[in-house]
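Here are some short exercises to work through with the model open in your viewer. Try each task before reading its solution.

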Amino acid sequence: MKETTFYNSLLIAWFALALIVFIALYFISAPYGRHARKGWGYSIGSKMAWIIMESPSPIVFALCFIFGDVRISAVAIIFLALYEAHYIHRAFIYPFSLRGAERHMPLSIIAFGFIFNLMNGYLNGRYIFTFSGGYPNSWLLDPRFILGVTLFIVGYIINRQSDQELRGLRKPGESGYKICNGSFYRWVSCPNYLGEITIWTGWALATWSIAGLAFAFWTVANLLPRARANHAWYKRTFPDYPPERKALLPRIW
């Protein structure tokens with residue numbers, strides 16, 4: 001089987017699986033973080049769990065760049081820089097910024113996250129650096145690229161700032177959850193998820209690829225139900241939770 005045939009079949013299956021996961025997550029909250037619960041098998045510390053889950057993506061994407069067939073261009077370098085900036089932080093910096101008593105994550109969730117990141121790294125990296133045939137430098141002036149990169153950067157800032165706000169709620173050694181009222185948390189319960197969705201929506205637009213669209217679709221499929229579950233959890237847990245605050249989209253939902 002040619003790699004292109006394998007790649008296209010994999011891409012179709014990836015969309016189908018995302019739809020299944022999206023539906024399932026409306027009924028079952030993934031058992032980590034505030035939704036952690038027993039009955040999901042052996043678990044390990046969250047710091048190591050995040051590293052294991054997230055590291056395949058920057059590694060595979062970088063390998064696709066190194067062994068890709070297209071001529072290196074300014075556009076390719078920008079895509080590499082954007083992707084790696086996000087995932088190097090997510091895999092190797094973010095886990096060590098977590099405060100409070102270390103929580104645990106089931107191996108089943110870690111395995112799923114590992115596969116998710118492996119697939120996205122391969123599908124996006126292989127397309128951009130091989131199957132696309134290369135992006136010409138004129139793509140730098142294309143409105144899709146400009147808007148997409150802008151969305152990526154805006155989403156990245158929202159995501160990072162929101163994570164910092166959450167981190168600041170806990171002093172070293174503290175555990176438990178509190179209501180966050182700073183920055184974008186004034187409007188939504190999960191601005192970090194809003195930032196993540198904005199990042200990969202921008203990515204899909206900037207790369208103008210089915211692989212990028214698949215990544216954006218997966219991000220929504222995973223995080224939209226999670227935001228809904230988190231919002232409901234906050235409202236159940238804190239009687240004084242701001243009633244005007246929405247789950248993910250300010251003043252809408």
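A residue counts as buried when its relative accessible area is under 20%, and as exposed when that area is over 50%. Keep in mind that the model is a predicted one.

**Exercise 1.** Find Asn-159: is this residue buried or exposed, and which side chain does its own side chain meet in a polar contact?

*Solution.*
- Start with the location: Asn-159 belongs to helix α6, which covers residues 143-169.
- Next, apply the cut-off: the relative accessibility of Asn-159 is 3%, so Asn-159 counts as buried.
- Then look for a polar partner: the side chain of Asn-159 makes a polar contact with the side chain of Arg-90, at 2.9 Å.
- Finally, list the surroundings: leaving out residues up to four places away in sequence, Asn-159 touches His-86, Arg-90, Asn-192, Gly-195, Glu-196 and Ile-199.

**Exercise 2.** Work out how many disulfides the model has, and look into Cys-180 and Cys-190.

*Solution.*
- The rule asks for two cysteine sulfur atoms within 2.5 Å.
- From the sulfur of Cys-180, the closest cysteine sulfur is in Cys-190, 11 Å away, which is too far for a bond.
- Starting from Cys-190 leads back to Cys-180 as the closest, again at 11 Å and too far for a bond.
- The count is therefore zero disulfides under the 2.5 Å rule.
- As for accessibility, Cys-180 is buried at 5%, and Cys-190 is buried at 1%.

**Exercise 3.** Describe how α3 packs with α4, and how α2 packs with α5.

*Solution.*
- Two packed helices are described by the angle between their axes and the distance between the axes.
- For α3 (residues 56-66) and α4 (residues 74-92), the axes come within 8 Å and cross at roughly 155°.
- Angles over 145 degrees count as roughly antiparallel, so α3 and α4 are roughly antiparallel to each other.
- The crossing of α3 past α4 is left-handed.
- Residues making this contact include Phe-61 and Phe-65 of α3, and Tyr-83 and Tyr-87 of α4.
- Now take α2 (residues 46-54) and α5 (residues 107-131): their axes are 7 Å apart, at an angle of about 30°.
- Angles under 35 degrees count as roughly parallel, so α2 and α5 are roughly parallel to each other.
- Here Ala-49, Ile-52, Met-53 and Glu-54 of α2 meet Ile-109, Ile-110, Gly-113, Phe-114 and Asn-117 of α5.

**Exercise 4.** Name the buried residues of α2 and say what covers them.

*Solution.*
- The buried residues of α2 are Ser-46, Ala-49, Trp-50, Ile-51, Met-53 and Glu-54.
- Their cover includes the strands β1 (43-45) and β2 (104-106), along with helices α3, α4 and α5.

**Exercise 5.** Compare the settings of Gly-202 and Ser-189: where is each one, and what does each one touch?

*Solution.*
- Gly-202 lies in helix α7, and with a relative accessible area of 0% Gly-202 is buried.
- Its C-alpha atom is 5.9 Å from that of Val-149, although 53 residues separate Gly-202 and Val-149 along the chain.
- Beyond neighbours within four places in sequence, Gly-202 is in contact with Gly-148, Val-149, Leu-151 and Phe-152.
- Ser-189 sits in the loop between α6 and α7, and is buried at 3% relative accessible area.
- Not counting residues up to four places away, Ser-189 touches His-231, Tyr-234, Tyr-241, Arg-245, Lys-246 and Ala-247.

Technical notes
Residues numbered from 1 in each chain as written. Predicted model: local features only at pLDDT ≥ 70, side-chain atom pairs only at ≥ 80, totals over all residues. Heavy atoms only, no water. Helix = DSSP H or I, 4+ residues; strand = E, 2+ residues; numbered from the N terminus. Buried < 20%, exposed > 50% of the residue type's maximum accessible area, 1.4 Å probe, protein only. Polar contact = N/O pair within 3.5 Å; in protein donor to acceptor, adjacent residues only side chain to side chain. Contact = heavy atoms within 4.5 Å. Axes fitted to C-alpha atoms, helices over the stretch in contact; angles between N-to-C directions. Parallel < 35°, antiparallel > 145°, perpendicular 65-115°, else oblique. Left-handed = near helix turned anticlockwise from the far one by under 90°.
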